[in-house]
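Trainee: Got a minute? I'd like to talk through the charged side-chain pairs in this one.
Mentor: Sure, pull it up.

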Amino acid sequence: MNETSPGVLIIGGGVAGMAAAQVLSDFDIPVHVVEKQDRLGGHSVKWACMATESCVNCGACLSIEMVDNVMGRQNVTPHFGASVLSVHRSGSGFDVTLEDGKTLSVQKIIAATGFSPFDPGKIASYHIGTLKNVITTARLNTLLQKEGVGEFLADNPAPDIAFVQCVGSRNRKIGNDYCSQVCCKVAMRHANKLLHVVPEAHITIFYMDLQIIGKETRSFYEGLAPNVDLVQGVPAEILESPESRKLRIVTEDRNDMTRIARQFDMVVLSVGMEPSADMEDTADITGLSPNDWGFFNTGEAALAQDVYVAGCARTPGDILSSMQDGRIVAGRVLEDMGIAGAFQETGGKKDLRIAVFGEGGQALATATAVAKRGYDTFLFGADVSGNAAENLHAMADAKILQVSGTAGNFRIYHEQNGKKKILPCSAIIAAHEPHVKSKNIGVSSEKIIDPARFSELLSDAAENGPADIVILLDYSGPEYKKWVRAALEDAIKAKSMGKNVSIIARKMLVHKADGQRLFDAARKEGVSFLRFEAPEDIAIEKTEKGFALAMKEATLPSSLDVRLDFDCLVLPPTIAAPADFQKKAAVLRQKTDAEGFLQSPNVRHRLTSSTRKGIFFAGTGHDETDADDLDVEIDDILTFLATRPFDLPEVDTGVVINEKMCAKCLTCYRICPHGAIVLGEKMKPRIVPDACFSCHLCVANCPAHAIESEAFANDAFSDMTEKDQTIIFACERSAYLAAAETALPDNVRLVKIPCTSRINIDVILKSLLKGASKIIIAGCHEGNCRSVEGSREAARGVRQTLRIPGMDDSRVVFAPVAANEPEKIKRIVSKA
C-alpha cells in the first residue's frame, strides 16, 4: 500500500477552487491546483467592473485579489496549462497523473471545473458570428473592461441597445430547462453601466421573467427600471435591416396586436451557464455521476468517495455564492481529514462559546445547528422549548444592552431576571426575523388567506375546501422566492385534487435547480398563468361566491379584459425590515443596507460575514433566504468557526498607540469600522491586533497624532517622493492590482498602501512640498472598501486640500479604481 500525502488536488482555479485553496492552505496542507488556462481566476477575472458612482456588488474585482492571495501562498502549487489525465485510487488516497506526465499523490480531490457559457451559435436565428453587432455578455464585458464600447458603436452618442435574456437557459428544446440564476442581475448591471458610459443610450431588455431576487436587487431594479425599456417576451430571430444595416427585432404592439420591427445598434445575448466542457472527462476519471444537465444540484447526481464538487461545477451561481461553496467544501474536506477545528477542542468538545441573536425559528435553527457541532451556544430571543440540543442554552428572557470586545473575546452585557450580567463569547450570529405583514388590497374577507393557510387547507380538508382559487403574486409589494415556490407546489397539488387554480403575477421567479421544471409541471397540470404590469391593472370586488377579478392581461390586446370568479384568494405577505433593525445593527456596530435589512451589501464581507471579525449574519433578516439557503448560510458560518482560530498570537499590524501623546478623545474608538479598538483601564484606547484589518483609518484621523505607523508614517511617504513625480497612492486590494496589469511611465511612482483611508491632508501636502507634480489617490469604489470608509475618507482629504487657496484641482485627484480596471488607471495616469 502506498503512503498517501495529506495533500488535496483542486481541479479548476476559478473562484470556488481558489476559495477552497485559501481555506486548506491555512492548515499547511499541500494544495495542487490544476488549471487549463495560464492563470488562476476562471471566467471572473475577465469580467469588467460594474460600478458607476458606487459598487453594485457584482464581486468580479474579488477574483483578482484572490489570484494575488493564492499565488502568494507557499503550500499552494498551481499547474497552469494542465489537465488531469488519470486518477487511480491508492490506499487511502489517489495517484494522479497530469497530461504533462507529472504525478501527484493526494488524499482528497475537489472538482471545481466551473462552467462553460452557452454557445449561442446553437440558436441559428440569432446569427451570432454573422451579424457583427450581435454579441454575448462575455464580449460586452471585454469591451467594458478595455473601455472600448464607444469605438465598437462607432462613437454613436445615442445608440439603441437590446439585451435578450435566457439565451440557452429555461429552454426545454435543447435540454437546458433550468435557470442559470445570474443572467438577469448581470444584464441589469450591464445596462446600468452602459448608461453610465453612454448616458444617451436607449436600452431595451427582452425577458421571460426578470429574476429580481437577493440583497438590494429590488432597490437596484427600482432605480434602473425607469431608465430602460422592459419588454416581456424574447425574440425568435435577429435580422439585419438591408437599408440601415441596423439589427432588427420583430416584436408585438399590444395595442393592436400587430407585429412591429425595432432597430438596434447592438444586441447583447445574455447566455446561460452550462457545465464546463471538462466536467465530462473529470467525472469519468474521478467516478462522479452528474445529473442530466451535467451538474450536481439534484438528487440524481452522485459523488464518489473522497471526491467533492464545488462552485458552478455543482450548480449555476454568481461569484459570491461560488466563493461560499468553495469555502464550505474545503471545510468538509478538512472535517473528513480530521483536521478542521482541532485547535478549538478539548477532550472532543469545542472550546468556543457562540451567541445567537434572534426571535424566531431561523435563530432557533441556527443555534441548534451550531450546538449540535459541539459549541456551547447561547440563544438570545427565541424560545428553545422542546429542543434537545445538548449544548444549547436559553436566554430568551435576557435583554441585550451592549456588545463590546472583539472576536474570541466578545462581552455581551445583558439584563436577566432583574440582574445585569456579562456573557463572554467568541462569536455572534445575528439571525433576527424581519417584519412579515399582510398585504392590503382594499378588500377584506376570511376567504383571503396566506400560503401557509392554503397549504393547511389542501392537507386537512381538501374535499370541503375552495374549488376556484386565485394566487396573486407581486401585487401590493415585492414578491419573494419562497412564496412563489409555495404557490407553484400548492397549485400543482390543488390541480391534482380537481380544483381550478390561476396564478397571477408580474414575473415568475424560478429559483433553485428545479424551479423551471416546477413551473413547467404546473403549466402541464393545467394551472392558468396570467400576467399584469401594474397593480392598477387589477380590480377585485367581493361577491356572494367570494370574489370577482377583472384585469388587463399583459400578453393580450390592451382592449381585452380577463374576468375571473373564485372563492379563495391566496395572498402572500410581504417582508420588510422593522424599524428596530437600526438598533439591532447599532448594538453590533454594523450598518443596515439600502432597504433597511441587517448587513451592508459590501461584497468583501458577504455572504455571511461582517466588518467585525467574529460577527455573522443568517436568515431573512439580512438577505432573501429560504430554508435551504439558511442551511447553506449555517454551513458557511460553521466553516468559518472551524477554520478560523480565535486565539491567534498577537500579530504586528504596524499600528500602535503612543500612550504619552493620547488625549483620550476616543476618536479612534468611534471611527474604527472593525471594532478593533477597545477601551481599557481609565478609558485608555487599545488596539486588539487579532481584530485589526490594518486599514490605518485611526492613524489618519487621530487629532493628537498619537497613533503611529512606522511603515506608513507621514514622513515615510514624503521621503519616497522625488521632484516632478506623479505619485499614485494605491489600495493594495484594488488600484494597486489594476496598476500591476499595465506599464506605468517612468515619472510615475506607485505606492502600495493598505487602504486609501491612510492618505489624509498631511500626507498630501508633505508630498507636494517635497516636489511631487501630482498626487493620485486610487482606491475602492464607494461601498466596496473592506474598511467601509476608505474611499470616503480619501475623497474628503482631497476636498480639504483643494480648499487651500491656490491649489490646482489637477494636481490632487481621488479616483475609484477596481482591481479589474487596468485600462481605467492607465487613462487616469495618461492625464498626469
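**Salt bridges**

Mentor: Start with E65, which is partly exposed, at 22% relative accessibility. Keep in mind that the model is predicted.

Trainee: Which residue forms a salt bridge with E65?
Mentor: R604 does, with the closest N and O atoms 2.5 Å apart. E65 sits in helix α2 (residues 60-71), and R604 is in the loop between α13 (581-587) and β38 (615-617). The two are 539 residues apart.

Trainee: Is R604 buried or exposed?
Mentor: Buried. R604 has a relative accessible area of 15%, and the cut-off for buried is under 20%.

Trainee: How many salt bridges in total?
Mentor: The count comes to 42.

Trainee: Switching topic: what does D229 pair with?
Mentor: R262, in a salt bridge at 3.0 Å, N to O. D229 is in strand β12 (residues 229-232) and R262 in strand β15 (residues 258-264), 33 residues apart.

Trainee: How accessible are D229 and R262?
Mentor: D229 is partly exposed, at 32% relative accessible area. R262 is partly exposed too, at 23%.

Trainee: And where does K591 fit in?
Mentor: K591 belongs to a salt-bridge network with E782, E789 and R792. Its bridge to E789 has the closest N and O atoms 3.9 Å apart. E789 is in the loop between β45 (774-779) and α20 (790-802), while K591 is in the loop between α13 and β38, so the pair ties together parts 198 residues apart in sequence.

Trainee: Are E789 and K591 buried or partly exposed?
Mentor: E789 is buried, at 17% relative accessibility. K591 is partly exposed, at 48%.

Technical notes
Residues are numbered from 1 along each chain as its sequence is written. This is a predicted model: local features need pLDDT of at least 70, side-chain atom pairs count only at pLDDT 80 or more; totals for chains, interfaces and linings use all residues. Side-chain values use heavy atoms; hydrogens and water are left out. A salt bridge is a side-chain nitrogen of Lys or Arg within 4 Å of a carboxyl oxygen of Asp or Glu. Helices (H or I, at least four residues) and strands (E, at least two) are DSSP runs, numbered from the N terminus. Buried means under 20% relative accessible area, exposed over 50%, partly exposed in between (1.4 Å probe, protein chains only).
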